[in-house]
Amino acid sequence: MVVTMYPWQQEPWARLQHLRERLPHAILFHGPAGIGKADFIEAFAQSLLCENVRPDGHACGACASCGWFAQGNHPDYRRVRPEALEDELPASDGEEGGEDKKSKSTKTASKDIKIEQVRGLSDFMNISTHRQGLRVVVLYPAEALNMPASNALLKTLEEPPPGTVFLLASNSLDRLLPTILSRCRKFALAMPDHAQALAWLQQQGVQDADSWLREQGGAPLAALAQSETGNRDELDALLQILAQPSVDGALRAADRLSKTPLSALVAWQQRWLYDVFSYKLSGTIRYYPRYQRELAGLAARMSTPNLMRAIKSANERRAVADHPLSPKLFVEDMLLDYTACCA
């Protein structure tokens, strides 16, 4: 297991070191998807287990504990995440929107963290640590906990075992139980600024890095993953319908786009609507400068009440995108509702 730190994580890493003296039993790292939260908490987990921590708080990388961690078999460390992420790199963050690199074997794997996974920690937490140090549990994305698993975790957090630290990561705090939130120390990880993220992408050799970064909402890891596919077909198919809304176009597009992760479609539409609103107010575009002419036309013709209604509908749709009754009907409803708002 190779843990990576990114340039935009240096400041929060330094801030995190202040918690070491009075380490909480549970820390919830939260922030946008695609910024490397999973890598960040893996690095912190390794440093908590390291036997010779460097002055900057990073693991030494040379002790026996670091060796076990690198091999993925440290006896005092457990990682809990959905089955669908098990063959992925930590950098995935458990992101939605097709930004993760899934192996073929994970296509039907569960996207939930199940109660069996949480209960499976009991034996781990009830035995002595191997090196008389801490015991560390990493869990992400926390919003993947189903209700039984959430309740099981809550019981553990209410009566935490001594010497055990839980490190959780979440893209959406509003999707977690308030009782879990109240029992964790929250630690925010912000989106990097555009210039810093762009410079990093260019260092990775990404062509047209600015467009990829904008289209992924400023999230550099999501932009890198999407650029590696070299494929904008699904995004452009949606944007073309949004640029020229019609009932016939919506119905034709629904069948094609229904196989695209629905949370990604809604996120793309939300960014589109943000650009329409932004252009209407200030003449600026954040996400889709390639569609400036179309966005300008929509900003001129859409009434403010209709635009606000479309934004509200998209926000509500995002909350249920992971569990639709029918993907095709979901996309049809999304596009037809948008078309009505543009009339």
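E158 comes out as partly exposed, at 43% relative accessibility, and I'd like to start there. This is a predicted model, by the way, so please hear everything that follows in that light. What does E158 do with its side chain? It forms a salt bridge with R183, and the closest N and O atoms are 3.4 Å apart. That pair links distant parts of the chain: E158 belongs to helix 6, while R183 is in the loop between helix 7 (178–182) and strand 5, 25 residues apart. R183, too, counts as partly exposed, at 29% relative accessibility.

Now let's follow helix 6 into the sheet. Helix 6, residues 147–158, lies across strand 1, strand 3 (135–139) and strand 4 (164–170). Against strand 4, helix 6 runs at about 140°. The sheet itself is open and has five strands, in the order 2-3-4-1-5, with parallel pairing. Which strands sit at the edges? Those are strand 2 (77–80) and strand 5 (185–188), and each of them pairs on one side only. On average, neighbouring strands of this sheet are turned by 20° against each other, ignoring direction.

Let me zoom in on the strand 5 end. Strand 5 pairs with strand 1, residues 26–30, in the parallel sense, and there are four bridges between them. If you want a place to put your cursor, try I27, which stands opposite R185 in strand 5.

Back to salt bridges, since we opened with one. How many are there? The count comes to 15 salt bridges. I'll pick out two more for you. One is between R15 and E11, with the closest N and O atoms 3.3 Å apart. These two are four residues apart in helix 1 (residues 10–16), so about one helical turn separates them. R15 is partly exposed, with a relative accessible area of 34%.

The other is E215 with R232, where the closest N and O atoms are 2.7 Å apart. Here E215 lies in helix 9 and R232 in the loop between helix 10 (220–229) and helix 11 (233–243), so this bridge ties together parts that are 17 residues apart in sequence. Are these two buried or exposed? Both E215 and R232 are buried. And they have company: D208, E215, R232, D236 and R290 are linked in a network of salt bridges. That's a nice group to display together on screen.

While we're in this part of the chain, have a look at Q207. You'll find Q207 in the loop between helix 8 (194–203) and helix 9 (209–215). Its relative accessibility is 65%, so Q207 counts as exposed. The C-alpha atom of Q207 is separated by 9.7 Å from that of G230, and the two residues are 23 apart along the chain.

My last stop is on the surface. Which residues form a nonpolar patch there? They are V247, L251 and L336, and together they have about 220 Å² of accessible area. L336 is found in helix 16, residues 327–342. With a relative accessible area of 30%, L336 is partly exposed.

So, to recap with the structure in front of us: we have an open five-stranded sheet with parallel pairing, helix 6 lying across strands 1, 3 and 4, a salt-bridge network that includes the buried pair E215 and R232, and a nonpolar surface patch of V247, L251 and L336. Thanks, everyone, and I'm happy to go back to any of these.

Conventions:
Residues are numbered from 1 along each chain as its sequence is written. This is a predicted model: local features need pLDDT of at least 70, side-chain atom pairs count only at pLDDT 80 or more; totals for chains, interfaces and linings use all residues. Side-chain values use heavy atoms; hydrogens and water are left out. Two strands pair if DSSP finds at least two bridges between them. Axes are lines fitted to C-alpha atoms, for helices over the stretch in contact, and angles run from 0 to 180 degrees between N-to-C directions. Contact means heavy atoms within 4.5 Å. Patches are made of residues with over 30% relative accessible area and no salt bridge: like charges are joined within 9 Å, nonpolar side chains (Val, Leu, Ile, Met, Phe, Trp, Tyr) within 5 Å. Accessible areas come from the Shrake-Rupley method with a 1.4 Å probe; for residues, only the protein chains shown count as cover. A salt bridge is a side-chain nitrogen of Lys or Arg within 4 Å of a carboxyl oxygen of Asp or Glu. Buried means under 20% relative accessible area, exposed over 50%, partly exposed in between (1.4 Å probe, protein chains only).
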